[in-house]
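Here is a set of short exercises to work through with the structure open beside you. Try each task on your own before you read the solution.

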Amino acid sequence: MAATAPRKVKVGGVSTELVLHVGSAAFGALALVWLMYQQLLPITGTIGFWLSWYAVFLVLLAAASATTLDRIAVVDRIVGALVTTAGAILVACLAGIVVFTAVRGWTALKHVNFYHDTTAYIGPDASLDQGGIWAAMVGTLEQVAISMIASVPLGIATAVYLSEVRGRLARVVRTVVEAMSAVPTIVAGLFIYSMLILKFGQERSGFAASLALCVSMIPVVVTTAEVVLRLVPGGLREASLALGTTQWQTVRRVVLPTARSGLVTAVLLGVARVIGETSPVLLVAGSTSELNYDAFHGPQVSLPLFVFNEMRLPLDQAIARAFGAAVVLLVLVVVLFGLARVIGGKPPGHLSRRQQRRLAVTAGLAPAPNAVNVGSLEGDMS
Amino acid sequence: MTISVDPPVRTAATRRVISARPTPQDVTFVVAARSAAISTLVVMGLIGLFLLIGAWPALHQQGLSFITEWQWLPEAGTFGIASLLWGTFLIGLFALVVAVPVGFGAALFISEYAPRSIKGSLITLVDLMAAVPSIIYAMWALFFLQAHLLTVAQWISVHFGPVLPFLRVNTPDSPSSYTSSAFIAGIAVGVVVLPTVTSIMREVFAQAPIGEREGAIALGATRWGMIRTVVIPFGRSGIVGGIMLGLGRALGETIVVYAVISPMFEFTTHPLQSGTNTIASHIASRYSESGGVALSGLLGAGLVLFLFTLVINTLAGIVVSRSRSGSATEI
């Protein structure tokens, strides 16, 4: 008996039948809804049109699928369509926000003065070739830098406590840090306001704003850094301890260097989180449009605060400036986020080409590009 | 079964006492790490403490009516957060109505339906969406979403209002009676919390055990059948936790609500009608003009918000961590 090759079973992928069903349902729904809108029903509006289209599309898809499939498979296909729609809505929301902000911001962004000027001595209705966001950029830079100085060491030390020291407090601290990440940012601002300004009588300043930002930044740094530190293989720690090092030496020479890229990611994500925070800054940074290099004295504007102040003015120029500054903010967040992905995408202990070569040289090996020892070392670590 | 109680005789040379003798460096290190950890506890404690100290005059003066009073007239001595609580609840409800179905579907899509080639970028996209500052959502809501939702609100009100009284508004013909409503603010906040809900649910769905998945498929289940019988039961606590964490974020959202709504201090059962209020938005709009007992009242409102989100998030944290127990194994 000649063995015929069994028909190849196709797993997953998109079949012609599915494309036909979906296409015919989509087209049919479009035609039907167009007819209803134009001829029968007295309702208008694009959103209503597409909502009705979607409902009709689902019904038609079920009907078309029922020609070839049983009930269970039809349900499967309808759920698949719903779930895919939900994914598409999510992507569409993000894309819509980014594109909308970018398009509206372009009118302000194309003026060079927008980047190096301030809105201090011009009226809010001044044309867009005057004024800009320089003061806000200085403020954002200083406030984020100060809150980094305060919260990065604290956050990483807390993460080291949680993953390396693991005392009795670890459980409590972890719970509290999680709760801290959920503190509404306006409450963080209110806290600094009531402590620093009401209780200790300080003036509103960029420094107060950066303290308020710390409350948001610390939990991000702690949680991300703790995850990264936990990824450091236990074998490395044990090998180091077995060589007779102290705990501090192990943390300092083995754990932290292995997790370096992940720790950078933690810091970048923390910065990305706080750079656009508006509500805490709103309460404690004070209100000004002047350039203020001194974060410790006097009110200081920052990018989110600038956006907030300008968008409330009922003037086209001010709103255009707000959108321009929002685009700058968005670009900063995306860049920070992308950097965090690129740096954090590598597994802990991964060495770049250059680091491998440097290690080979310091270890006294021949600086050959494909040194075997270094390659195997990297293999063990990842 | 015999248990040898007496250890075999050992000479002094063989006996080893294993003990750690921390060096001064180690002691410093442990003390430093521990004090850093404690300082985060202290910060959280200070937040509660200073809010309480600041809020005490208002709480003392108003007593229980701080919770039950609808008006906010500190000059007249009658002010309370009842209207703020109600508005916060309404907006949180609308936010969940948007964010939970879409977030659930999107999480399922990313973890179960998306082709492997785009899965990673979708996860990054959700994380990025969570990182977009809320001021940008606020501008989008104010200048884009509101204009489009007005027609939707009007449509709902005109067609369903006669049947369902809570959907009616005062002047149904004028679009301006639909602006700045709890409905619009709630949907905008829903978009803000959508990535939070999605990413938590996706994480939990992705942890559904592979053996049971394959078992369901091998028994002839469709993909939805597999999801219904394996992924959702295993991810149930993650779904609940995701909803609660989303609610926690929605209650504390300030700028989006502040940008959209027009403040109002009344009990309203008409969420489509213009005017509502939330705790966070109220604080942001009144802090600069308030002093004395009014400011103290704002701090009291902040304290209530702080306690609310704390309770909700702690509960959510317990629920989510329970779902993760056992599945996170270290190799």
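**Exercise 1. Find which residues B:A188 is in contact with, leaving aside its neighbours within four places in sequence.**

Step 1. This is a predicted model, so everything below is read from predicted coordinates.

Step 2. Select B:A188 and skip the neighbours within four places in sequence; the contacts are then B:Y137, B:A141, B:L145, B:V256 and B:V260.

Step 3. Now look at the wider setting. The largest nonpolar core has 199 residues, and B:A188 is listed with A:A326, B:Y137 and B:V256 as touching the most other members.

Step 4. Ask which helix gives the most to this core: helix α3 of chain B (residues 82-113), with 17 residues. Chain A takes part as well, with at least three residues from each of domain 1 (18-106) and domain 2 (134-366).

Step 5. Another core, of seven residues, lies apart from this one; A:V22, A:F57, A:L61 and A:A64 are among its members.

As background, nonpolar side chains tend to be buried together in soluble globular proteins.

**Exercise 2. Decide whether chain B is more spread out than a compact globule or not, using its radius of gyration.**

Step 1. Start with the secondary structure: chain B has twelve helices and two strands. In sequence order the pattern reads α-α-β-β-α-α-α-α-α-α-α-α-α-α.

Step 2. Compare two values. The radius of gyration of chain B is 27 Å, while the globule rule gives 20 Å for 331 residues; the value is well over the rule, so chain B is more spread out than a compact globule.

Step 3. Add the extents: the C-alpha trace spans about 95 × 60 × 40 Å along its principal axes.

Step 4. Finish with burial and contacts. In chain B, 49% of the 331 residues count as buried. Taking contacts between residues at least 6 apart in sequence, 77% join residues at least 24 apart.

**Exercise 3. Is helix α9 of chain B largely enclosed or not, and how many of its residues are buried?**

Step 1. Locate the helix: α9 covers residues 236-252 of chain B, which is 17 residues.

Step 2. Check its span. From first C-alpha to last, α9 of chain B reaches 25 Å, close to the 24 Å expected at 1.5 Å a residue.

Step 3. Look at burial: 14 of the 17 residues of α9(B) are buried, so this helix is largely enclosed by the rest of the structure.

**Exercise 4. Sort A:T250, A:R174 and B:S180 into buried or partly exposed.**

Step 1. The cut-off is needed here: 20 or more other C-beta atoms within 10 Å makes a residue buried, 12 or fewer makes it exposed, and anything in between is partly exposed.

Step 2. A:T250 sits in helix α10 (residues 247-258) of chain A. It has 21 other C-beta atoms within 10 Å, so A:T250 is buried. Beyond four places in sequence, A:T250 touches A:R237, A:S240, A:L241, A:T245 and A:V255. The C-alpha atoms of A:T250 and A:E164 are separated by 9.8 Å, although these residues are 86 apart along the chain.

Step 3. A:R174 belongs to helix α6 (residues 170-181) of chain A. With 19 other C-beta atoms within 10 Å, A:R174 is partly exposed.

Step 4. B:S180 is in the loop between α5 (134-160) and α6 (182-206) of chain B. B:S180 has 21 other C-beta atoms within 10 Å, so it is buried. Check the backbone too: its phi is near 55 degrees, a positive value in a residue other than glycine. Most residues other than glycine have a negative phi.

**Exercise 5. Describe chain A, its domains and the side that touches chain B.**

Step 1. Chain A has 16 helices and zero strands, and 43% of its 382 residues are buried.

Step 2. The domain assignment gives domain 1 (18-106) and domain 2 (134-366). Their C-alpha centres lie 42 Å apart, and the contact takes five residues from each domain.

Step 3. Turn to the other chain: 79 residues of chain A are in contact with 71 residues of chain B. Helix α3 (residues 71-109) of chain A gives the most to its side, with 20 residues. By class, that side of chain A has 56 nonpolar, 17 polar and six charged residues.

Terms used: Residues numbered from 1 in each chain as written. Chains lettered and ligands numbered in written order. Predicted model: local features only at pLDDT ≥ 70, side-chain atom pairs only at ≥ 80, totals over all residues. Helix = DSSP H or I, 4+ residues; strand = E, 2+ residues; numbered from the N terminus. Contact = placed C-beta atoms within 7 Å. Rg over C-alpha atoms; globule rule 2.2 N^0.38 Å. Domains from an automatic or database assignment. Nonpolar A, V, L, I, M, F, W, Y, C, P; charged D, E, K, R; others polar. Expected span 1.5 Å × (residues − 1). Core = buried A, V, L, I, M, F, W, Y, C linked by C-beta atoms within 7 Å.
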